[in-house]
Amino acid sequence: MSIPRITLAVGSEALLVDRAVLSVSAAVRAADPSAQRTVISGGDEDAAHELREATAPNLFGDGGVVVLTGIDGADDRLAAALRQIIEDLPDNVYLVITHPGGMKGKALLDALKAADANLVDCAPVRKGSRTLEFIGREFASHKRKVTTPAVAALYESIGHDLGLLAGAVSQLVSDVDANPIDVDDVRHYFEGVAEVAGFTISDAVWERKYVEALRLLRQAMLSSDQGRVGPSTVFALAGGLRSLVRVGGMPPGTSQGVIAKEAGIPPWKVDVLRRQWAKWSGDQRRLAAAVVALADADAAMKGGVREGSSLDAEQKLLALEILVAGTAAAHA
């Protein structure tokens, strides 16, 4: 497969920009192990001179990858130099040019596109379904299968940082033999991470599994950073409650796809929340009490509302245990 002579990476998602640069560099070095990579910042005063030097033909025909970053900051000299170079790019020189997106430097972008630059979309990946799709593609790139609940659990545990998510996927496929990787594999692998424990506890609470919720909480207290168990568990419980109420408030007969979109959750989660709502729909006063208890717990975990009301570490854990036990209990 031929290597694009000019690659244009547009967008501010750092992981995707880095991958665009590394992809071209790796391909060029595979063809010519002696090829060098030169990085030039588009905002530097001497960028035009550096670019001309890096792309100048030489007697030995040496080539390499020239990475020009941030051309939104290019001055007139650099813009002129780049336009001239792309019209007659020397053999064995491969350009990788980055732009964070937006209208600044649009004329230069248009010139590069007209020069048949290979355009790589590096726009930020939106939260929610787009990030879930990214995680799925990461597993596919490793030629591994993963269940939908496992993808969601990984997202819940790691967050939206694509670099961290990619690293987590790499760790999982390296260390977990199961194929497909399922939600239990994810939770077991990250069981010492307080945020993962929080979402697991939340699921048990809203399922009204009293014994399971307490068991998971005490396990988290032993295996996770105790200073983070309280805030992460309350955060997960609050998020679970919001999703529960959103789904429960939908008109009967609403499709799974509509509910997922309105509630901002993956489609598979709809059935889980419907099952949970069935256990709470006839107990609205308990649900309202849970809202108040969560608000009080959130304040307690963060230091208290009134002066002198802050709890020490042991008191916070006790308050958390009371919250989880009281909320998950099947009866008042």
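Sheet, helix packing and backbone outliers in a predicted model

Five strands make up an open sheet with parallel pairing, in the order β2-β3-β4-β1-β5. The model is predicted.

User: What makes β2 and β5 the edges of this sheet?

Analyst: β2 (36-41) and β5 (118-121) each have a single partner strand, so one side of each lacks a neighbour in the sheet. Neighbouring strands are turned by 20° against each other on average, direction ignored.

User: How do you know that β1 and β5 are paired?

Analyst: Two strands count as paired when there are at least two bridges between them. Four bridges join β1 (residues 6-10) to β5, and the two run parallel, so the criterion is met. Val-10, for one, has Asp-121 of β5 as its bridge partner.

User: Which helix packs on the sheet, and which strands are touched?

Analyst: Helix α4 (residues 106-114) does, touching β1, β4 (93-99) and β5. The direction of α4 makes about 140° with that of β1. Roughly antiparallel requires an angle over 145 degrees and roughly perpendicular covers 65 to 115, so the angle of α4 with β1 counts as oblique.

User: Why is Thr-7 called buried?

Analyst: Buried means under 20% relative accessible area. Thr-7 has 2%, so Thr-7 is buried. Thr-7 lies in strand β1. Beyond neighbours within four places in sequence, Thr-7 is in contact with Val-24, Leu-95, Val-96, Ile-97, Asn-118 and Val-120.

User: What angle do α5 and α6 make, and why is α5 called roughly perpendicular to α6?

Analyst: Helix α5 (residues 129-141) packs against helix α6 (residues 148-158) at about 115°, with the axes 10 Å apart. Roughly perpendicular covers 65 to 115 degrees, so α5 is roughly perpendicular to α6. The crossing is right-handed. On the α5 side the contact is made by Thr-131, Leu-132, Ile-135 and Phe-139, and on the α6 side by Val-151, Ala-152, Leu-154 and Tyr-155. By class, these residues are seven nonpolar, one polar and no charged.

User: How does α5 cross helix α7, and which residues meet there?

Analyst: The axes of α5 and helix α7 (residues 162-175) come within 10 Å and cross at roughly 35°. This crossing is right-handed. From α5, Thr-131, Phe-134, Ile-135, Glu-138 and Phe-139 meet Leu-162, Leu-165, Ala-166, Val-169, Leu-172 and Val-173 of α7. The contact has nine nonpolar, one polar and one charged residues. Glu counts as charged, and Glu-138 belongs to the α5 side.

User: What is notable about phi at Asn-92, and why is Asn-92 called partly exposed?

Analyst: Asn-92 has a positive phi of about 70° although Asn-92 is not a glycine. Asn-92 sits in the loop between α3 (76-87) and β4. Partly exposed is the range between the 20% limit for buried and the 50% limit for exposed. Asn-92 has 40% relative accessibility and therefore counts as partly exposed.

User: What makes Asp-116 exposed?

Analyst: Exposed means over 50% relative accessible area. Asp-116 has 68%, so Asp-116 is exposed. Asp-116 is placed in the loop between α4 and β5. Phi of Asp-116 is near 65°, a positive value in a residue other than glycine.

User: Where is the cis peptide bond, and what is its omega?

Analyst: The bond from Asn-179 to Pro-180 is cis, with omega near 10°. Pro-180 is in the loop between α7 and α8 (183-189).

Key:
Residues numbered from 1 in each chain as written. Predicted model: local features only at pLDDT ≥ 70, side-chain atom pairs only at ≥ 80, totals over all residues. Heavy atoms only, no water. Axes fitted to C-alpha atoms, helices over the stretch in contact; angles between N-to-C directions. Parallel < 35°, antiparallel > 145°, perpendicular 65-115°, else oblique. Left-handed = near helix turned anticlockwise from the far one by under 90°. Contact = heavy atoms within 4.5 Å. Buried < 20%, exposed > 50% of the residue type's maximum accessible area, 1.4 Å probe, protein only.
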